[in-house]
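These are my notebook entries on one structure, set down in the order in which I looked things up. I began with the enclosed spaces and then went on to strands and single residues.

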Amino acid sequence: MAETPMKCVKCRTEYVVMPQNAEFYSKMGVPTPRQCPICRFKQKAVWRNERTLYTRSCQLCGKNIISMYPQEALYTVYCHGCWYSDKWDAASYAMDYDPSRPFLEQIGELFTRVPRAATVTGGQNTNSDYQNWSGSNKDCYMVFNSGQNEMLMYSRGMRSCRDTIDCYYGVNVERSYSSVNVHDSSGVRWCQNVRSCLDSWFLRDCTGCTNCFGCVNLRYKEYHFFNEPLSKEEYERRVGEIVGSVERIQEMKKKFEEFSASHPFKATHNMKSEDCSGDYIVDSKNCHHSFEIDKNENANYNYFTKTAKDSYDCVGFGYDSELLYETVAVGFSHKVMTSLYVENGTDIAYCANTRASSSCIGCDGLNKSQYCILNKHYSESDYHALRETIITSMKQEGSWGSYFPLSLAPFAYNESIANDYYPMAKKEALAAGFRWNDALPDTRGKETMQLGAIPDHIKDVQESISKEILACAECGKNYKITSKELELYRSFSVPIPRECFNCRHRERLNMRGPMRLFGRQCSICSTTITTSISPTQPLTVLCDACYTTSVS
């Protein structure tokens, strides 16, 4: 079977359906998707708000809570403790199926009735209220899509990390700051794509380096300054004149950007993977157009999934799952499609917030349930008969196999992770059918201390700064420095940040690179390569073989 060319019904972009894609769609019993991979991601990602948090009250116990839904949201919102308790029963919201109405319309009605959890957290959490889509964290603040961390702040995609601030995508990281794609490292600051590195600053694509500053493509080096070997004494003298000062750090950031751009880039950041296309793919096999996935197999169009197999178009979670399709935060499950936040599920379709359940379609909030439609329980035979009736009707409408429509999405585009990875202006988002929130939670003009009044060097900053309100140098939004945050900055010898968390997060996303793939030629051997580095960028980009030879 040959490739099938397609044109996205939404953005009119051309894309192809590979033979193995068609086989998977047939196995799942769904038609070939009519939207391109990026439009499909946007439609799912708008259901996942991670960082836009509000203060409100739980509508069951009444206590003040942190929530991804504002007080005026359409939904009934419970705190974590109440939502996971036996104080309420999702089955009490059961609806009868009405064959005269579209099934997705009925699902939307159910979604507005069933209570929702204020945030999505799992495991045992201690002193970590300001987190979302995360779990098993201790003393963490403003962390997202992260787990098993201690004293982690302002970070996303981190696992088993501690005493770390402002990082994106890392495992086993300690005492680190403002870094992207860092693994098994300690004491790294402003680093990108590093493994097994220690006490270093401004690194890119380095492995096994200790006490290095401003270095690129080095392997197992020590006391190097912009790739130049130095004595221990000279290295410490040069670095000592820089660290802690915001003025000197800004000078070094600019110098490092120019230095980095003059050195080769590897086409992708994939590691130990076979027959894969995408970026940041680790220990995976036969995965295509996927990003930030780990130990996936036969998985296409996946984002942020772990240990998923034979699964397509998944956003997040994925642990030990098979046959997932068009899902957001589904894990430990088998044969789940077009669903949101399902854990330990089997044979699930068009469900949300469902745990330890099987054979359900169009349900919300169920736990340990089976043979349910719109939260109503049926006998096994009646369930299967009605399920087939519903699927037939959805196929006739052309909605079967597509994710929940945008009209049901709980979040505006600029509240969700969709805007992080595929940014759009308000006009563009509205034209594409998304909502936009003009009242995101922030304050402006309430600063009590001007940025110019902050001492240049961290050693001169007083404890009293934790009582001040600052204004972001980039966007003007107010932000604060906590006492614990200040303590870590001092221990890292890094200056007080002059930008708010959102602007710092956006800078890390820019460091990470786009979730898009381009074709270009290796700068040495001219082999055609697939990379997230656009051909319009005048950089030296190498295939795996040429890169390995170049840095060895």
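Entry 1. The second largest cavity.
I worked throughout on a predicted model. I began with the class make-up of the lining of the second largest cavity, which divides into five nonpolar residues, one polar and one charged. I then listed the residues themselves: Val 46, Leu 406, Ala 409, Phe 411, Gly 433, Phe 434 and Arg 435 line this cavity. For its volume I noted about 40 Å³ of space.

Entry 2. The largest cavity.
I asked how many cavities of 30 Å³ or more a search of the whole structure finds. The search returned two. I recorded about 100 Å³ of space in the largest cavity. Its lining comprises 14 residues, and those closest to the centre are Met 68, Tyr 69, Ala 117, Val 120 and Asn 353. I also looked up which strands contribute: S6 (116–117) and S26 (334–343) each supply at least two residues of this lining. By class, I counted eleven nonpolar, two polar and one charged residues around the largest cavity.

Entry 3. Helix H4.
S6 led me to helix H4, since the buried residues of the helix pack against that strand, given contact within 4.5 Å. Helix H4 spans residues 103–113, and I listed its buried residues as Phe 103, Leu 104, Gln 106, Ile 107, Gly 108, Leu 110 and Phe 111. Besides S6, the packing partners of these residues are strand S28 (352–355), strand S29 (358–361), strand S30 (370–373) and helix H7 (380–397).

Entry 4. Strand S25 and its partners.
I returned to S26 by way of strand S25. Strand S25 covers residues 321–331, and I found ten of its eleven residues buried. On one pairing, six bridges join S25 to strand S24 (residues 308–317), and the two run parallel. In the pairing with S26, I noted seven bridges, again with the strands parallel. Which residue of S25 stands opposite Val 315? I found Val 328 there. Val 328 in turn stands opposite Leu 340 in S26.

Entry 5. Strand S21 and its partners.
I then took strand S21, residues 285–294, in which eight of ten residues are buried. Strand S20 (residues 274–282) pairs with S21 in the parallel sense over six bridges, and I found Ile 281 opposite Ile 293 in S21. With strand S22 (residues 297–300), the pairing of S21 is also parallel, over two bridges. There I noted His 288 opposite Asn 300 in S22.

Entry 6. Thr 305.
I looked up Thr 305, which lies in strand S23 (residues 303–305). Is Thr 305 buried or exposed? I entered Thr 305 as buried, because its relative accessible area is 0% and the cut-off is under 20%. Residues up to four places away in sequence aside, I listed its contacts as Glu 292, Ile 293, Asp 294, Asn 296, Cys 314, Gly 316 and Phe 317. Ile 293, one of these contacts, is the residue I had already noted opposite Ile 281.

Entry 7. Thr 164.
I turned next to Thr 164, in strand S12 (residues 162–174). I entered Thr 164 as buried too, since its relative accessible area is 0%. Its side chain reaches the backbone oxygen of Arg 162 at 2.9 Å. With neighbours within four places in sequence left aside, I found Thr 164 in contact with Met 151, Leu 152, Met 153, Val 173, Glu 174, Arg 175 and Ser 176.

Entry 8. Tyr 479.
My last entry concerns Tyr 479, in strand S33 (residues 478–479). I read a relative accessible area of 9% for Tyr 479, which falls under the 20% cut-off, so I entered this residue as buried. Which backbone oxygen does the side chain of Tyr 479 reach? I found that of Pro 497, at 2.7 Å. Pro 497 also appears among the contacts of Tyr 479. The others, neighbours within four places in sequence excluded, are Leu 451, Ile 469, Leu 470, Ala 471, Cys 472, Arg 498, Glu 499 and Cys 500. Finally, I checked Tyr 479 against Tyr 220, 259 residues apart along the chain, and noted a C-alpha separation of 39 Å.

Notes. Residues numbered from 1 in each chain as written. Predicted model: local features only at pLDDT ≥ 70, side-chain atom pairs only at ≥ 80, totals over all residues. Heavy atoms only, no water. Helix = DSSP H or I, 4+ residues; strand = E, 2+ residues; numbered from the N terminus. Buried < 20%, exposed > 50% of the residue type's maximum accessible area, 1.4 Å probe, protein only. Pairing = 2+ DSSP bridges. 1 Å grid on protein atoms, 1.4 Å probe; cavity = no way out; pocket = protein on both sides within 12 Å on 5 of 7 lines; lining within 4 Å. Points joined across faces, edges and corners; volume = space filled by probe spheres on them. Nonpolar A, V, L, I, M, F, W, Y, C, P; charged D, E, K, R; others polar. Polar contact = N/O pair within 3.5 Å; in protein donor to acceptor, adjacent residues only side chain to side chain.
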